[in-house]
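Here are my notes on this complex, point by point. Please read them with the structure open.

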Amino acid sequence: MSLVEIRGLSKVFQKGGETVKPLEDVDLDIERGEFVSLMGPSGTGKSTLLNLVAGIDRPSAGSIRVGETEVTKLSRAKLADWRAGHLGYIFQTHNLIPVLTAYENIELPLFLLPLSRTERQKRVNIALDAVGLVDRAYHYPRQLSGGQEQRVGIARAIVANPQVIVADEPTGSLDADTGSQIRSLLCQLNEELGMTLLLVTHDREVASLAGRQLRLDHGKIVEASRVRVANSTVGG
Amino acid sequence: MFRFAPYIWKGMIRHRARTAMTIAGAAVGVFVFCCVGAVQQGLNRLTQGVAANQSLIVFQENRFCPTTSRLPQDYATTIAKLDGVVGVVPMQVYTNNCRASLDIIVFNGAPPTDIRKFDTLRLIEGGWESFESRSDAAIVGIHVARRRGLSVGQSFTIGEVTVQIVGIFESTVANEENLIYTHLDFLQRAAGSANVGVCTLFEVLVREGVDPDRLATTIDSTLHSGPIATTTRRKGAFQASTLADLVDLIEFAHWLGYASVGLVLSLLATTTLMATQDRIKEHAVLQVLGVRPTRVARFVIAESLMICLVGGTIGMLIALTALAWGGFAIGAEGATIAFEPSWSLAVSGLAVSLLVGLLAGLVPALKVATADLVPSLNQ
């Protein structure tokens, strides 16, 4: 059984008196440990799909199941509970809480889980180590570079050990060198930690890291190529 | 919720100047509320206390200012013979000001042995012996002493009255602490030789179980045949009538107290709303991380509550300290209303702060909890 199972997913909304259909009857399966990238021109609904999977937007039709959870049937409060334990979200613009240190930003999602202080400390330190920011733990976001901020954002997304991580243009606001570091980090998350990633990007180079590259075209998903699932090549 | 306390605290102090100004606003509002409350409580104590209902005041008919009421002192003997009367204290009242004033000085002259029997008074400095033995001796209420910086051994002059201070007293009746007690005959002589044998009023102690109003009627009808007609009322009613003009002002000030609370509410609601509008995206991010919308709403309310509680506590403490040390009183025509700190004032100040903090946070919290996440994240 796939980890993420999307069936007949559609999204329709009104914009400036016009009916917009960014997603139309989309079907998609993502396996556990798979790294999937989603490309397409601006406004084609990539982020909409990501938000629907994350349960922060509601579909007009269709269903999304992640693990055992039928995401589209959950209330807003239940969705928040579900995200706390099962989903990591990497934003394009980091979205760190400015008044909290890197450590506190990463610890924040763990407050929602039944963990002791020691366990929280352990997990935050592991996440900081994974993104190479142990020496920046007590820096505030304003004291970090863009790349470091994004790494804190990634650490925050993985700290609760979620079933799936969604990333919305994670290198979109970074320069080339920093973007390259983040790309390596994402590969590392998938290959070494076996995390399931669904990533939206404009960047072909970032998309090419994924085992499966998808394109959104007129509200439909088109499979561009399939390379590998974490730790094993499955096709080309 | 307590795990998020550092986040709530840091959120509260992120705009320090704005938070400090809001706290200051809340402090001023609650300060005004407590001060107005103290005036109201002072009036209630004066007009509704046990003493207000269990003793009567005999005053000259159709007179209001103490300087105009001139009753023959021998009325005391007539009144004392009436059934239901436990005791009669003739009293000469001398004041520096018949009009409404915040610094009114009121001398009450009475026989020293009668003054010593007042069970409401307790000398905290000086002694009764020196008060009884010296004709120009005076014991001073603690509030007057604080306000005027008076101490035992000093001499004190108002108008043509000069007294030697031999004691400072506290009283269980707050407004008494704004009085100065002297010998009756001394005060009568000080006010001019024509005043010997004349007093301003009689305080009549009523036996338990006797209807004070019926006794008041009996006193007035008994003295009606005398040279000066009288009006006898319960002490509370007499003081309320004496202070009638001030009562109206106090009732008006009461509304000012509520208005100040309204201002705090408006100020805090505006600040909380501004703070949440600044953080629409941040609150959405918290929800993406898994914080329930209702919990984010509670963060907003907690912040608003903390700001108002801190400001309110500061305002309440300043007000109570000022009331305790300032010894403020407002008076007119010889009667005074003492502004006293009290536990009920402290509790109502804190309760108002909590209520205002809660109300001010409700609307912004509701907006946060119901805002769509996607547009909020795109801000």
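Which residues does Val166(A) touch, leaving out those up to four places away in sequence?

1. Start with that contact list. This is a predicted model. In it, Val166(A) touches Leu50(A), Val53(A) and Ala54(A). Leu87(A), Gly88(A), Tyr89(A), Ile90(A) and Leu198(A) complete its neighbours beyond four places in sequence.

2. Now the cores. Val166(A) is among the residues with the most contacts inside the largest nonpolar core, which has 56 residues. Ile6(A), Leu9(A), Ile56(A), Tyr89(A), Leu108(A) and Leu286(B) are the others named for this. Helix H13 of chain B (residues 293-326) gives the most to this core: six residues. A second, separate core has 37 residues, including Ile90(A), Ile106(A), Ile165(A) and Leu174(A).

3. Next, the interface. Chain B brings 25 residues to the contact and chain A brings 29. About 2,400 Å² is buried between them, and carbon and sulfur atoms give 62% of that. Arg3(B), Lys10(B) and Leu289(B) supply 30% of the area chain B buries against chain A, more than any other three residues.

4. Polar links across the interface. Two salt bridges join chain B and chain A. One pairs Lys10(B) with Glu104(A), with the closest N and O atoms 2.7 Å apart. Twelve residue pairs are in polar contact, both partners at pLDDT 80 or more. H12(B) gives the largest share of chain B's side of the interface, seven residues.

5. Confidence. The complex has an ipTM of 0.91 and a pTM of 0.76. Chain B has a mean pLDDT of 88, with 96% of its residues at 70 or more. Among its elements, helix H12 (residues 280-289) has the highest mean, 95, and helix H3 (residues 50-54) the lowest, 65.

Key. Residues are numbered from 1 along each chain as its sequence is written. Chains are lettered from A and ligands numbered from 1 in the order in which they are written. This is a predicted model: local features need pLDDT of at least 70, side-chain atom pairs count only at pLDDT 80 or more; totals for chains, interfaces and linings use all residues. Side-chain values use heavy atoms; hydrogens and water are left out. pLDDT is the predictor's confidence in each residue, from 0 to 100. Helices (H or I, at least four residues) and strands (E, at least two) are DSSP runs, numbered from the N terminus. A nonpolar core is a set of buried Ala, Val, Leu, Ile, Met, Phe, Trp, Tyr and Cys residues joined through side-chain atoms within 4.5 Å. Buried means under 20% relative accessible area, exposed over 50%, partly exposed in between (1.4 Å probe, protein chains only). Contact means heavy atoms within 4.5 Å. Buried area is the accessible area (1.4 Å probe) that two parts lose on being put together, summed over both. A salt bridge is a side-chain nitrogen of Lys or Arg within 4 Å of a carboxyl oxygen of Asp or Glu. A polar contact is a pair of N or O atoms within 3.5 Å; within protein, one must be able to donate a hydrogen and the other to accept it, and residues adjacent in sequence count only if both atoms are side-chain atoms.
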